[in-house]
Amino acid sequence: MKKKVAVAISGGVDSAVCALLCKKEGYEVIGVTMRLLENEDRIEKAREIAKKIGIPHYTIDIRKIFKKYIITNFCEEYKKGRTPNPCIRCNQYIKFGVLLKKAKQLGAKYLATGHYARIEYNKEKGKYLLKKGCDLDKDQSYFLYRLTQKELAYILMPLGNFTKDKIKEIAREQKLPIEEDMRESQEICFIPENNYSEFLKKYLSEEIKPGLILDTQGKLLGKHKGIIFYTIGQRRGLGISAKIPLYVVEINEEENALIVGPENELYKSNLEVCEVSYVTEDKLKKSLNSKVKIRYRHKEAPAIVYPLEDKKVHIKFTQPQRAITPGQSAVFYNEDIVIGGGVIEKVLV
């Protein structure tokens, strides 16, 4: 009897080829698409893809859950002067929370997704490992550090062993109906045209308060439009003039102030991370030499991770890193294996 796998089909090339690969592996495949927003053309695309591959397709409406756990949290974080990564939270609560549960209700043993990452079972440890995808330019393991052993046992990621170019080639060979989707998208799915300012204005219009822009010595340089519109490392759009380029080096929520300084003041070595989650361990018992990423496109760098109480760690980089940003996630690796990660709470001297 074939094992049933539910494939999360988004309407794009990766999830389409994921479904195709699962079918070729001999699984009984069903496609599942989540309705996250009010108007979504991608649901019709997903149905078309499922029909082309020859698999049943289901749509589940989770708009209320998505708004509660992802959109509301995204806005709340910006109100605090932080820069969140909603994709990480979506993977935890939506894709590998709500959707995995739904897949099991539909009789599937596994949930397969189009992530560029690998899951391997280590017999010696008796645990599943989460590893980088073979295509390091597309590796998405950074977004998956909150996956636990309980979830990893029921997840498939067949794209982890392929390059993006190969996936596109397969899609063309099989004439999957996603040609217009072959270009890369860096957008957050719920922000139209990637316009953060307009999105935040819509959801937080009554919360936006102009404030002061100060240098690191406390000198008044100008006024900002509201801290939700700025992030650490930002230079453009500050509306101030100076002899040298100035960047946002700190966002002070309590004072509703932006602190700006020269680029060298963006480089820091120490940070504190909260909400720490480990893939194979219950918790860190002693300091760990690791390589750490402080954002998705950041090149991982050598650091020591020190365990603290309350699911927190202190991270000390060997060399200072540019624009460490509260709200983003710090993820630690051992070679290509994800050890764990957490949310950057504060940057230390």
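Buried here means under 20% relative accessible area, and that cut-off runs through the legends below, which describe close-up views of a predicted model.

**Figure 1. Helix 1 is a mostly covered helix.** Ten of the twelve residues of helix 1 are buried. Val-13, Asp-14, Ser-15, Ala-16, Val-17, Cys-18, Ala-19, Leu-20, Leu-21 and Cys-22 make up this buried set. What do they pack against? Their partners are strand 1 (4-8), strand 2, helix 2, strand 4 (110-112) and helix 6. As a check on geometry, twelve residues at 1.5 Å a residue should span 16 Å, and the end C-alpha atoms of helix 1 are 17 Å apart, which agrees. Just after the helix comes Gly-26, with a positive phi near 100°.

**Figure 2. Helix 2 turns one face inward, with its buried residues along it.** Ile-43, Ala-46, Ile-49, Ala-50 and Ile-53 are the buried residues of helix 2. Looking down the helix axis, you will find them within an arc of 115°, so they line one face of the helix. A general point helps here: an α-helix has 3.6 residues a turn, so residues three or four places apart point the same way. The buried residues of helix 2 pack against helix 1 (13-24), strand 2 (28-35) and strand 3 (57-61). For helix 2 (residues 42-53), the expected span is 16 Å and the end C-alpha atoms are 16 Å apart, which agrees. Gly-54 follows the helix, and its phi is positive, near 90°.

**Figure 3. Phe-74 and Phe-190 sit in the largest nonpolar core.** Of the 65 residues in this core, these two touch the most other members. Helix 4 (residues 86-105) gives the most to the core, with seven residues. Apart from it lies another core, of 27 residues, among them Val-13, Leu-20, Ala-50 and Ile-178. Which residues does Phe-190 contact, leaving aside its neighbours within four places in sequence? They are Leu-37, Phe-66, Ile-70, Ile-71, Phe-74, Pro-86 and Phe-199.

**Figure 4. Aromatic rings pair around Phe-74.** The whole structure holds 15 aromatic pairs. In one of them, Phe-74 and Phe-190 meet edge-to-face, 5.2 Å centre to centre with 85° between the planes. Phe-74 belongs to helix 3 (residues 63-79) and Phe-190 to the loop between helix 6 (164-173) and helix 7 (196-204), so the pair ties together parts that are 116 residues apart in sequence. Are these two rings buried or exposed? Both Phe-74 and Phe-190 are buried. Phe-74 also pairs with Tyr-196, this time tilted, at 6.1 Å centre to centre and 50° between the planes. That pair links distant parts of the chain too, with Phe-74 in helix 3 and Tyr-196 in helix 7, 122 residues apart. Phe-74 counts as buried at 1% relative accessibility, whereas Tyr-196 is partly exposed, with a relative accessible area of 29%. Ring pairs join Phe-66, Phe-74, Tyr-78, Phe-190, Tyr-196, Phe-199 and Tyr-203 into a cluster.

**Figure 5. Charged ends sit over two tyrosine rings.** Over the ring of Tyr-333 sits the charged end of Lys-132, 4.9 Å from the ring centre. Likewise, the charged end of Arg-322 sits over the ring of Tyr-247, 5.5 Å from its centre.

**Figure 6. Thr-72 lies in helix 3.** Thr-72 is partly exposed, with a relative accessible area of 37%. How far apart are Thr-72 and Phe-96 in sequence and in space? They are separated by 24 residues in sequence and by 19 Å in space, C-alpha to C-alpha.

Note on methods: Residues numbered from 1 in each chain as written. Predicted model: local features only at pLDDT ≥ 70, side-chain atom pairs only at ≥ 80, totals over all residues. Heavy atoms only, no water. Core = buried A, V, L, I, M, F, W, Y, C linked by side-chain atoms within 4.5 Å. Buried < 20%, exposed > 50% of the residue type's maximum accessible area, 1.4 Å probe, protein only. Helix = DSSP H or I, 4+ residues; strand = E, 2+ residues; numbered from the N terminus. Contact = heavy atoms within 4.5 Å. Phe/Tyr/Trp six-rings, centres within 6.5 Å; stacked < 30°, edge-to-face > 60°. Lys NZ or Arg CZ within 6 Å of the ring centre and 35° of its normal. Expected span 1.5 Å × (residues − 1). Arc of directions from axis to C-beta.
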